[in-house]
Amino acid sequence: MPLRDMYRPPAAESLVDGVGLFDGQGWIHKGMDINAIRKRFLFPHSERIVTNNAATTQVPVDLLKMHVSLARDYENVHRGQSKASQKMTTMLDDAYNTIAAFLNAPEGKKSIVLYRNTTEAINSVMYSLLTEFRDGDNMVTTMMEHNSNYVPWYAMCKEILPKFGVNVQCRIVNFSRETGELDLEHMARLIDHRTKLVCCSGASNFLGVKNPLKIIREMTRNSGYFQPGGRRGSFLLVDAAQLMPSSPVDLKALDLDFLAFSFHKMLAPFGIGVLYAKASILSSLPPFLYGGDMIAQGQVSPEKVGYNALPWKYSAGTPNILGAIISAQALRLLLDLTLSPKKHVYFATEKPIEYWVVNAAMTRISLYLRILTQHALERLSGVPGIQIYGPKDAAKRTSLVAFNIKGINPMSLAEEMAEYGVEARAGCHCATLAHHYLGLDPPASCRLSFYIYNTIQEVDYAVRVVRRLAARPSRCVVNASLQQDSAVTGYD
Ligand SMILES: Cc1ncc(COP(=O)(O)O)c(C=O)c1O
C-alpha cells in the first residue's frame, strides 16, 4: 500500500485525554503548537517519519541559516584584537553562559566544559580521575548503560590502572528484567566506603526508563568514602544524553558532580557535547587535554606551567567555536519552539535565561513526549508476538520504545519499516550489556523514538507499519547468523 494511503490521522477519541487537544488539523498541546514547530524544519517536506530521535534529532532551518551567516566572516577567539575576533569571543562566552543557565548550574559557566560529545565528556572524567583512584577503591556503574558510560570504566579498571599496580573494581548494578527499573537494593549493596564514583544514565536509551537521581544522590552522599580533598561521599556522574533532550534538568536541585550530554540529540548539528562538573572538582583535578589556551597567560616555563581559570583550563587548543555558539542557540531555539514557536524571544538574542522559563519549556516537552510515548506503548502492545522493553508507564520513561517481535529479526524489521518511510533503529543501540542481560539472541531490538516535531499520526502510522510487517514476516525471519551483523554493534 502506498505510504500516503496509510498516513491518516487517528480518530479523535483515540488521543490521550486531559493533556492535549486534537483540533482536526493538527495536534496542539497546552500551547505547544506542533504544526508551527514542524514549519521550522525541512524534513516534513519529504515523506520522512523521523522516529530515530534518540540517536539524533533534526536541525531547524533557523539554526542552519545562523551557521552559514556566522561562517561568512568569522575569526578565532581569545587571540586576535580584530573586531571579528572580539565578536566571536563574546559569542563563545555567551554560549557558555546560555548552557550554564539552561542547566541551572550553581557556579555558572565555570562548570561547563565543551567536548565533541557525551562519550568524550565521560572519557575526560575517566582520564582526569585516573590518578585519583587508590588501590582497593571501586566504582559502580549499571547494566543499562550505553557503552559510553561502561567501556571507559571497564578500560580504566581492567586495562589501565592494573598497569600501574592499582586495583579498582568495576561493579555493575542490575535492573529488573520485567520493568527495566534499576535495582536500587542491589545498588545500595554495591556502594560502600571504598566507592569513589557512581555512574548511571539519567534515562536508558534502550529501556527508556528514567533513573531516580535524587535517591541515587543520597546513596552516594552517604557512602562513607573520603575523597582526597577531604570531601565525604562518592562522586556521582550522570550520563544525561537521553534525559536532557526530554526533561528539565536542574543542577541546583540535583547537586550532581558530573553530567554529560550531546547537543546533536537536542536540535543542534553534530560536534558538541557538554561536561558539567562542580567547579571545586574541576579546580582540583588535572585537565584531560593539555596545550594552548588552557594555560594562564604567560605562565609557561621549563620549571612550571600555570593553568588558566575555569572553564578555560579545560579548553585546550582551538575549540569548535561555531559548534559551541550554534549549540547554545539550539537551546534558545528550543525555548522559543516550545513556548512561542511563531516568534523568537530567546533565539538570536542576548536575553538572559531564567531557569523557571527552562523548567516551563522542558516540562511541556516532557508532557508532550509522554503523550506520544504512552500512545506508542498502548498501540504497540496490541501487536501479536511483541515484547516491549522497559516500564509500561510512559511517566517513568523517556520518549523511546524498544521492542522485538517473536520470530522476526529486528534488523530486517527496521529495514522493512524504512521502505514505508519509518525511520526505526535496530541493533543493540550500544546498550550491549543490557541486551545480553536480557538474553536477547541476536542481542538487538527495534526502537522508535520521538521528539517535539513528531505527531500522534506519525506514531499511529509507525505502529500500523509494525503491525503489518508482524503479520507478514516472510522477509524478516530470525537468522542466527545475523548475530554478527555489523548493525548489531552499530553506533547510536
Ligand atoms: C544514554 C546515552 N549515552 C551516551 C550516548 C553517546 O552519545 P554520543 O554518541 O553523542 O557520544 C548515547 C547516544 O545515543 C546515549 O543514548
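Two strands count as paired here if DSSP finds at least two bridges between them. With that in hand, welcome to this predicted model. A good place to begin is an open sheet of 7 strands, ordered S4-S10-S9-S8-S7-S5-S6 and mixed in its pairing. Its edge strands are S4 (112–115) and S6 (169–173), each of which pairs on one side only. From one strand to the next, the twist averages 20°.

**Strand S7 and its neighbours**
- Strand S7 covers residues 195–201, and 7 of its 7 residues are buried, so the strand is largely enclosed by the rest of the structure. Buried here means under 20% relative accessible area.
- Strand S5 (residues 138–142) runs parallel to S7, and 3 bridges join the two. Across this pairing, Met139 stands opposite Leu197 in S7.
- Strand S8 (residues 235–239) also pairs with S7 in the parallel sense, over 5 bridges. Here Val198 stands opposite Leu236 in S8.
- To get from S7 to S8, the chain passes through helix H8 (residues 213–221), making a right-handed β-α-β crossover.

**Towards the edge at S6**
- S5 and S6 run parallel and are joined by 5 bridges.
- Thr142 has Val173 in S6 as its bridge partner.

**A patch on the surface**
- Tyr290, Val300, Val305 and Tyr307 make a nonpolar surface patch of about 380 Å².
- One of these residues, Tyr290, lies in the loop between helix H10 (279–284) and strand S11 (295–300).

Methods. Residues numbered from 1 in each chain as written. Predicted model: local features only at pLDDT ≥ 70, side-chain atom pairs only at ≥ 80, totals over all residues. Heavy atoms only, no water. Buried < 20%, exposed > 50% of the residue type's maximum accessible area, 1.4 Å probe, protein only. Helix = DSSP H or I, 4+ residues; strand = E, 2+ residues; numbered from the N terminus. Right-handed = clockwise from strand over helix to strand, strands pointing away. Patch = residues over 30% accessible without salt bridge, like charges linked within 9 Å, V, L, I, M, F, W, Y side chains within 5 Å. Areas by Shrake-Rupley, 256 points an atom, 1.4 Å probe, with all protein chains shown as cover. Salt bridge = Lys/Arg side-chain N within 4 Å of Asp/Glu carboxyl O. Axes fitted to C-alpha atoms, helices over the stretch in contact; angles between N-to-C directions.
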